[in-house]
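Subject: Structure for you to look at

Hello,

Here is the structure I said I would pass on. Please open it alongside this message; my notes follow below.

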Amino acid sequence: MASIHPVILCGGAGARLWPASGPQKPKPFLNLTGEVSLLQQTALRLAAVADARRPILVVAAGHK
């Protein structure tokens, strides 16, 4: 069986949830539904996936 190579798209202009989000803190970096950010929740879900490799994060240069 082949490994899964997850890619997480993360970032954006931060306009949809303004003023909670913004260019320096877009939605994936916010704690909206719990103790950790939406990005962290996604990474935790991936940890439970069998044969998943470490995720590749696609972010803006400023969020690196």
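I will start with Ser 37, which sits in the loop between E1 and H1. Please keep in mind throughout that this is a predicted model. Ser 37 has a relative accessible area of 6%, and therefore counts as buried, the limit being under 20%. Setting aside residues up to four places away in sequence, Ser 37 touches Pro 28, Phe 29, Leu 30 and Asn 31.

One of those partners, Pro 28, is worth a look too. Pro 28 is also placed in the loop between E1 and H1, and at 15% relative accessibility it is buried. Beyond its neighbours within four places in sequence, Pro 28 is in contact with Cys 10, Gly 11, Ser 37, Leu 38 and Leu 39. The C-alpha atoms of Pro 28 and Gln 40 are 8.4 Å apart, with the two positions 12 residues apart along the chain.

A further buried residue of the loop between E1 and H1 is Ser 21, with a relative accessibility of 3%. Its contacts, not counting residues up to four places away in sequence, are Gly 14, Ala 15, Pro 26, Lys 27 and Leu 30. Leu 30 thus appears among the contacts of Ser 21 and among those of Ser 37.

Now the chain as a whole. The protein chain contains one helix and two strands, and from the N terminus on they run β-α-β. Its C-alpha trace spans about 45 × 25 × 15 Å along the principal axes. Of its 64 residues, 22% count as buried. The chain exposes about 4900 Å², and carbon and sulfur atoms supply 59% of that area. Taking contacts between residues at least 6 apart in sequence, 49% join residues at least 24 apart.

Next, the helix. Which residues of H1 are buried? They are Leu 39, Gln 41 and Leu 46. These residues cover an arc of only 160° around the axis, so they lie on the same side of H1. As background, an α-helix has 3.6 residues a turn, so residues three or four places apart point the same way. On the other side of H1, Leu 44 and Ala 47 are exposed. What do the buried residues of H1 pack against? Their partners are E1 and E2. Leu 39, one of the buried residues of H1, is also on the contact list of Pro 28 given above.

Strand E2 supplies the other end of one such contact. Leu 57 is found in strand E2 and, leaving aside its neighbours within four places in sequence, is in contact with Ile 8 and Leu 39. With a relative accessibility of 44%, Leu 57 counts as partly exposed. From Leu 57 to Asn 31 the C-alpha distance is 18 Å, and the two are 26 residues apart in sequence.

Ile 56 belongs to strand E2 as well. Is Ile 56 buried or partly exposed? Its relative accessible area is 49%, so Ile 56 is partly exposed. Ile 56 touches Pro 6, Val 7 and Ile 8, again not counting residues up to four places away in sequence. The C-alpha atoms of Ile 56 and Val 36 are separated by 19 Å, and the residues are 20 apart along the chain.

Ile 56 also takes part in a surface feature. Val 7, Leu 9, Ile 56 and Val 58 make a nonpolar surface patch of about 390 Å². Strand E1 (7-9) and strand E2 (56-58) are the elements that give two or more residues to this patch. Leu 9, in strand E1, is exposed, with a relative accessible area of 69%.

Last, a backbone point. Asp 51 has a positive phi of about 65° although it is not a glycine. Asp 51 is placed in the loop between helix H1 (38-47) and E2. At a relative accessible area of 40%, Asp 51 is partly exposed.

Regards

Methods. Residues are numbered from 1 along each chain as its sequence is written. This is a predicted model: local features need pLDDT of at least 70, side-chain atom pairs count only at pLDDT 80 or more; totals for chains, interfaces and linings use all residues. Side-chain values use heavy atoms; hydrogens and water are left out. Patches are made of residues with over 30% relative accessible area and no salt bridge: like charges are joined within 9 Å, nonpolar side chains (Val, Leu, Ile, Met, Phe, Trp, Tyr) within 5 Å. Accessible areas come from the Shrake-Rupley method with a 1.4 Å probe; for residues, only the protein chains shown count as cover. A salt bridge is a side-chain nitrogen of Lys or Arg within 4 Å of a carboxyl oxygen of Asp or Glu. Helices (H or I, at least four residues) and strands (E, at least two) are DSSP runs, numbered from the N terminus. Buried means under 20% relative accessible area, exposed over 50%, partly exposed in between (1.4 Å probe, protein chains only). Contact means heavy atoms within 4.5 Å. The arc is that of the directions from the helix axis to the C-beta atoms.
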